[in-house]
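Trainee: Hello! I am new to this structure, and I would love a close look at a single part of it.

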Amino acid sequence: MRDIDPAVLWPKIGTALLQTLQMVTVSFVLATLLGLVLGLVLYSTRRGALLENAAVSTVLNAVINVVRPIPFIILIVAISPLTRAVIGTSIGTGAAIFALTIVATFSIARIAETNLVAVDRGAVEAGAAMGASPLRVLGTIVVPEALGPLTLGLTYIFVALVDATAVAGLVGGGGLGNLAITYGYQRFDTVVMVTVIVLIIVLVQAAQLLGDRVARRVLHA
Amino acid sequence: MSAAGRVGATLAPGEAGRTVEPARASSAPGGGDPVVEFRGVSKSYEVDGRRVEALRDVSLQVERGDVFGIVGWSGAGKSTLLRTVNALERPTGGSVHVDGREISALRGRQLHLARRRIGMVFQQFNLLQSRTVYGNVAYPLRLAGLSREQTVDRVEELLDFVGLGHKALDHPSRLSGGQKQRVGIARALATKPDVLISDEATSALDPQTTGEVLDLLRRANDEYGVTILLVTHEMEVIRSIADRVAVMQDGEVVETGSVYDVFSSPQHPTTSRFVSSVLHHRASSATLSRLREVHTGRLVHLHVVDRDSNDPFLSRVAREHDVDVNVVYGGVSELQGRLFGDLTVELLGDDDAVEAALGDLRRTTTVEEAGARA
């Protein structure tokens with residue numbers, strides 16, 4: 001086993017940590033915005049919903065169902081032409097962020113739809129009975145009522161994104177996962193592997209704690 | 001139709017209800033100021049290719065200021081009927097009018113505005129979990145475009161009215177069922193609606209809490225003059241707060257009238273069953289056969305309604321015809337300030353004397369045979 005010099009190791013870990021944080025947070029924020037919009041569209045175009053629209057609903061569902069099952073490690077490579085068209089390059093952190101955003105957006109869209117559908121129909125009906133327009137009911141009742149479980153769903157996506165960044169090394173995105181694979185796994189450097197894994201665990205734990213706390217606050221439980 | 005109603009209708013068609021002063025006195029049948037009017041309302045839909053008639057040609061008028069109860073077993077169509085009042089359900093035939101406007105024909109913004117004049121209370125409360133008690137009551141006010149200051153004042157007043165001023169900042173999840181329903185009532189009253197519709201508001205509550213919530217509804221009717229149309233499967237609810245009642249079965253109204261009339265002289269078998277679920281003036285058939293074993297004389301039910309004289313008819317008849325009267329069962333109730341009741345009595349004496357005594361009793365009360373001698 002050839003352990004690397006700590007003087008070299010720590011800056012490497014620092015850079016990787018920053019890359020991971022950058023990839024996760026940027027893609028998380030973008031995917032949350034896009035995913036919530038798609039989730040609202042999915043919810044409100046369902047059969048019997050307030051903006052019922054079979055065409056939009058069918059197409060959107062088909063796209064989501066095609067993209068979501070593709071393993072990320074394949075998707076990130078498969079969409080490289082699209083990545084190049086949008087980002088300008090198909091390698092590097094930016095390219096990784098693009099791919100991460102796409103998978104997370106579709107996952108969040110589904111999670112948002114599920115949580116919106118689960119909102120108590122009675123609350124929705126009360127809104128209608130009070131004379132709120134369908135859009136107003138959507139904005140001031142359906143979304144706020146779904147926010148608690150939605151926060152937990154978003155936390156789950158955040159953690160999944162940390163996991164997915166490990167694959168980002170494939171397109172030169174860097175990050176902690178990539179460091180663990182190249183130094184720890186492929187070069188059998190246990191110190192690097194353990195250090196990196198501990199960092200990832202801490203990151204995930206912190207995210208989960210924060211998510212739980214926010215959800216609890218939103219749920220008033 | 002009253003003169004006021006006619007004038008109002010001439011001056012402002014469709015808004016006649018608004019131009020007439022609200023008055024509890026106008027609650028007599030045909031009083032002419034209906035706030036809610038069902039005109040031949042039908043509702044049918046298909047379930048698995050089978051046609052279901054939820055409502056069949058229902059016509060009813062709810063007069064301004066009344067507490068009007070609709071009672072029926074589950075599946076009688078009463079909730080469906082209630083939900084046509086704010087167009088949560090639309091009739092497939094006939095029309096529903098609120099304050100003189102045909103709500104069943106309104107759409108879009110017109111409908112949203114009309115709904116703000118109709119408060120609704122739900123069995124499962126349907127509060128917004130994401131908002132505080134304050135936020136729930138404020139919701140319809142913000143919707144109506146009140147300023148923040150006006151909203152604060154009005155919510156404070158309403159929460160005091162329902163006795164939950166100290167819970168304003170709590171979330172519904174922290175409240176008991178009865179408290180949740182009181183918030184529901186405060187929310188329904190927020191925009192000072194003309195009508196409050198209540199869909200089984202007490203069915204999820206225990207008897208003690210039910211009483212409190214019914215008192216609150218009665219108080220809302222007394223103090224704010226809001227007309228209340230409520231649906232229930234519990235005759236006890238009708239007895240405690242309703243002025244008038246309609247009995248529904250299989251999508252039809254089978255009987256309607258003042259609570260006193262319906263309770264004291266039910267005409268339809270379903271009504272009788274509902275009445276006997278809360279009043280036990282008559283012995284059950286099992287009890288009656290047991291009584292017959294002991295009391296071998298002539299057993300009759302005397303139905304006594306509205307006795308305004310203090311004629312001691314039982315002892316008078318007994319003395320005049322030389323028969324003995326033995327009261328074996330009975331019950332008396334008071335409704336809307338008037339008494340009514342049933343007595344099951346045994347008449348002992350000569351057959352001719354008993355017959356003559358019964359003839360006399362029939363002049364004062366309704367007499368029904370309680371079965372032949374055992």
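Which domains does the domain assignment of chain B give, and where do they lie along the chain?

Mentor: Happy to help! This is a predicted model, where local features need pLDDT of at least 70 and side-chain atom pairs count only at pLDDT 80 or more, while totals for chains, interfaces and linings use all residues. Residues are numbered from 1 along each chain as its sequence is written, with chains lettered from A and ligands numbered from 1 in the order in which they are written.

Now to your question: chain B is assigned domain 1, made of 36–117 + 193–278, and domain 2, which covers 285–369 (the bounds come from an automatic or database domain assignment). Taken over C-alpha atoms, the centres of domain 1 and domain 2 of chain B are 37 Å apart. Where they touch, domain 1 of chain B gives six residues and domain 2 of chain B gives five (in contact means C-beta atoms, placed from the backbone, within 7 Å). On the domain 1 side, helix 10 of chain B, residues 259–264, supplies the largest share with four residues (helices are DSSP runs of H or I, at least four residues, numbered from the N terminus). By class, that side of domain 1 of chain B has three nonpolar, two polar and one charged residues (nonpolar: Ala, Val, Leu, Ile, Met, Phe, Trp, Tyr, Cys and Pro; charged: Asp, Glu, Lys and Arg; polar: the others, Gly among them).

Chain B also meets chain A, in a contact of 18 residues from chain B and 16 from chain A. On the chain A side, helix 6 of chain A gives the most, six residues.

Conventions. Contact = placed C-beta atoms within 7 Å. Helix = DSSP H or I, 4+ residues; strand = E, 2+ residues; numbered from the N terminus.
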